Amino acid sequence: MPCTCGPSRAISPPLFAPPGNWGPPAAPPPSPAAAARALEHSGQRLPFMAPDALLARRPEADLLLVDEAAAIPSAMLLTLARRYCCLFASTEHGYEGTGLGFQLKFQPALARLSPGWRKYHLSEPARWSPRDPLEPLVFRLLALDADPVTPPAGGELRIHRLEPRQLIEDESLLRQLFGLLTLAHYQTRPSDLRQLLDAPGLELVLARLGGIPVAAALLVREGELDPALGQAIWEGRRRPRGHLLPQSLAFHGGFREACRLSYRRIMRIVVHPRCQQQGIGSRLLDWLKRQGGADFLGTSFGASPELLRFWRRNGFQPVRIGLGVDAVSGLHAAMMLWPQSPAARALLPAWLGQFGADLRHHRQGLLRALPDACWRELDLPLPAVSPGQDEPRVRDFAFAHRDLPADQPALVRFLRRTPLPATLPAHQLALLEALLAPGANPAEVARRLGLKGQKDAIQQLRQVVQQLLPPPATDC
């Protein structure tokens with residue numbers, strides 16, 4: 001019996017080609033809507049499963065249909081191909097595809113795994129006439145057909161900044177660069193082209209080999225937030241748009257100083273597939289490190305062993321691992337930093353010690369499924385956290401809106417140092433033990449203890465912790 005899987009975004013009838021995606025995907029959670037077109041034409045009702053669920057449950061199937069396969073990491077696709085007879089459907093050109101990434105990365109791996117694989121290519125458009133004058137115009141305006149130029153065999157590597165004005169004045173360079181950037185990110189959108197040309201705080205760095213663009217980095221400036229806004233983010237009362245690193249590090253990472261510091265976040269870094277494994281990506285990062293201009297150079301990506309190894313090899317330190325997984329990739333998010341200023345270098349050891357302590361708690365809980373290869377690449381820092389680091393997290397969990405999963409390690413450490421009142425009711429003690437166990441599920445705890453739901457359980461936990469703390473200071 002066939003089954004289907006795929007990410008959530010339905011597209012036009014796809015090009016039937018072996019897919020691949022060698023970078024962290026950016027796709028919404030899977031849903032049956034992704035496979036709606038295939039399901040419409042099937043003679044029977046086919047079950048749909050998300051890729052991570054499919055790998056975990058391993059159901060029996062005669063044929064596996066994978067739609068929008070470019071949104072799924074190639075390692076996961078290859079695992080599926082080893083277990084099932086597969087039909088991979090994806091777009092090789094345009095915003096839904098990753099162009100040369102399909103041809104140069106996934107197809108050779110698939111050929112080694114299954115030498116007899118076959119490729120079918122849909123050359124005539126399914127949604128419009130080949131003679132339609134509007135579609136070519138739209139493709140050009142939105143750079144849907146942008147492709148990187150094949151790099152030369154040799155030449156001098158030159159790295160420099162690009163201004164948006166230079167791209168506006170040179171359409172050929174714009175198309176080459178945008179084609180290169182789409183290789184590193186699945187589901188590039190028309191708004192990404194607009195952002196490239198006019199977004200404030202955006203920094204673009206290009207590496208050319210023999211004058212041809214072969215690598216690029218796209219960065220955005222974040223941080224240095226107003227102190228009142230930073231405090232509201234820390235407490236869980238505000239979540240403004242943008243500023244991914246400082247917001248996540250403050251609220252989820254538990255680093256109170258994060259919002260006041262400045263960051264240059266590497267949104268994308270890409271090397272042409274024909275130029276990979278030659279050290280060009282590392283040389284590009286070395287160039288960025290020398291430029292300064294912020295407290296931290298940082299990045300956020302799906303935590304695969306290969307990517308963790310790349311960033312660690314280039315001196316970046318992990319400071320956060322997301323406790324949930326991406327519904328498509330099955331990967332935890334990783335955040336890594338490289339200190340550029342004296343203030344950052346002075347602060348980073350304390351952050352690493354706290355991160356190491358938190359991670360050891362979560363390793364038995366919400367991160368227990370993180371692969372051993374990722375743990376080896378993380379090379380955990382020694383846990384070193386002081387009561388002064390934990391107490392603000394505990395207080396603002398109790399009296400504000402901080403996050404239970406993120407602050408669970410700090411709460412556990414605080415309670416180890418704090419004698420519980422002899423008068424603490426048994427039901428509150430049971431709530432403490434249940435919700436602070438590694439990997440605790442608040443909804444399940446609420447059901448087991450007869451509470452209204454997870455919100456009620458967490459609110460009651462806040463009230464218990466409040467009893468163990470003096471009330472917050474108030475102005476007279």
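**View 1. Packing partners of helix α8 in the predicted model.** The buried residues of α8 pack against the helices α5 (134–141), α6 (164–169) and α7 (171–182), and they also pack against the strands β5 (202–209), β6 (212–223) and β7 (262–271).

**View 2. The buried and exposed faces of α8.** Within this helix, which spans residues 190–198, the buried residues are Asp192, Leu193 and Leu196. They lie on the same side of α8 because the arc they cover around the axis is only 105°. In general, an α-helix has 3.6 residues a turn, so residues three or four places apart point the same way. On the face of α8 turned away from the buried side, the exposed residues Arg194 and Asp198 are found.

**View 3. The open sheet and the placement of α8 on it.** Seven strands form an open sheet with mixed pairing, and their order is β4-β5-β6-β7-β8-β10-β9. At the edges stand β4 (157–162) and β9 (317–325), each of which pairs on one side only. From one strand to the next, the twist averages 25°. Helix α8 packs on this sheet, where it touches β5, β6 and β7, and the direction of α8 makes about 90° with that of β5.

**View 4. The pairing of β7 with β8.** Strands of a sheet pair through backbone hydrogen bonds, either parallel or antiparallel. Here β7 and β8 (residues 296–302) run parallel and are joined by four bridges, and Ile266 stands opposite Thr299 in β8.

How values were computed
Residues numbered from 1 in each chain as written. Predicted model: local features only at pLDDT ≥ 70, side-chain atom pairs only at ≥ 80, totals over all residues. Heavy atoms only, no water. Buried < 20%, exposed > 50% of the residue type's maximum accessible area, 1.4 Å probe, protein only. Helix = DSSP H or I, 4+ residues; strand = E, 2+ residues; numbered from the N terminus. Arc of directions from axis to C-beta. Contact = heavy atoms within 4.5 Å. Pairing = 2+ DSSP bridges. Axes fitted to C-alpha atoms, helices over the stretch in contact; angles between N-to-C directions.
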